[in-house]
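Here is a protein model to look through together. Keep the 3D view open and turn it around as you read.

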Amino acid sequence: MYMLELCRILDISVNELLTGEFIEERNYQQKAEDNLLMMADQEVKQTKKMFFYENVIGIGSTSIFLILIFISVYFVENSVLKVILFILSFIFLIIGVSIALKIETEEGYYECQKCHHKYIPSYQQVYFAMHYGRTRYMKCPHCQKRSWQKKIYSK
Ligand SMILES: [Zn+2]
């Protein structure tokens, strides 16, 4: 009955007395885990959004490039205007591809297939690497081995 007396003095239940601290600690851990999951979830959403923009910019700038080339070839008689349109079309393409590649580099992570290290490479690395889709053949900064590295949305 000493315990009951103690609970009355502290104004808590026996259950709380026995497990209170433990429950609180578990809740805290659970909350921390939930927060991490939520943050990872937001990161994935953000990355997907940026990849959508990347596609829009990539497809958009390529389309403008092709349309300008088409116009200059078939509809423009003046040779000076032809050259200007050609230059303009390439400028659109270069800017579009650069922005798309910058998003490709900075959003999400590349995962090394050898040691599973996840990292953000340099722009040059991404620019010069062989690729199919978003998967690129690059050297891992952790184990220094080359492999086909997949793009992942979250660490
Ligand atoms: Zn590695």
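If you walk along the sequence, the pattern you meet is α-α-α-β-β-α-β-β-β. Put as a count, the chain has four helices and five strands. Keep in mind that this is a predicted model.

What about the overall shape? The radius of gyration is 28 Å, while the globule rule gives 15 Å for 155 residues, so the chain is more spread out than a compact globule. You can see this in the box that the C-alpha atoms fill, roughly 105 × 35 × 15 Å along the principal axes. As for burial, 26% of the 155 residues count as buried.

Now look for the largest pocket, which has a volume of about 240 Å³. It is lined by 14 residues, and those closest to its centre are Glu54, Leu101, Glu104, His131 and Arg136. Which parts of the chain supply this lining? Helix H2 (14-74), helix H3 (79-106) and helix H4 (123-128) each supply at least two residues, and H3 gives the most, with four. Domain 1 (50-107) and domain 2 (109-155) each bring at least three residues to the lining. Sorted by class, the lining has six nonpolar, four polar and four charged residues.

Next, some backbone angles. Most residues other than glycine have a negative phi. His116 is not a glycine, yet its phi is positive, near 60 degrees. You'll find His116 in the loop between strand S1 (109-111) and strand S2 (118-119). Gln144 isn't a glycine either, and its phi is positive too, at about 65 degrees. This residue sits in the loop between strand S4 (135-139) and strand S5 (146-152).

How many disulfides are there? The count comes to zero. In case you haven't met the term, a disulfide is a covalent bond between the sulfur atoms of two cysteines. Two cysteines you can look up in the model are Cys115 and Cys143.

Are these cysteines and the two loop residues buried, exposed or something in between? Here are their values:

| Residue | Relative accessible area | Class |
|---|---|---|
| Cys115 | 29% | partly exposed |
| Cys143 | 23% | partly exposed |
| His116 | 46% | partly exposed |
| Gln144 | 48% | partly exposed |

Buried means under 20% and exposed means over 50%, so Cys143 with its 23% counts as partly exposed, and so does Gln144 with its 48%.

Methods
Residues numbered from 1 in each chain as written. Predicted model: local features only at pLDDT ≥ 70, side-chain atom pairs only at ≥ 80, totals over all residues. Heavy atoms only, no water. 1 Å grid on protein atoms, 1.4 Å probe; cavity = no way out; pocket = protein on both sides within 12 Å on 5 of 7 lines; lining within 4 Å. Points joined across faces, edges and corners; volume = space filled by probe spheres on them. Nonpolar A, V, L, I, M, F, W, Y, C, P; charged D, E, K, R; others polar. Domains from an automatic or database assignment. Disulfide = S-S within 2.5 Å. Buried < 20%, exposed > 50% of the residue type's maximum accessible area, 1.4 Å probe, protein only. Rg over C-alpha atoms; globule rule 2.2 N^0.38 Å.
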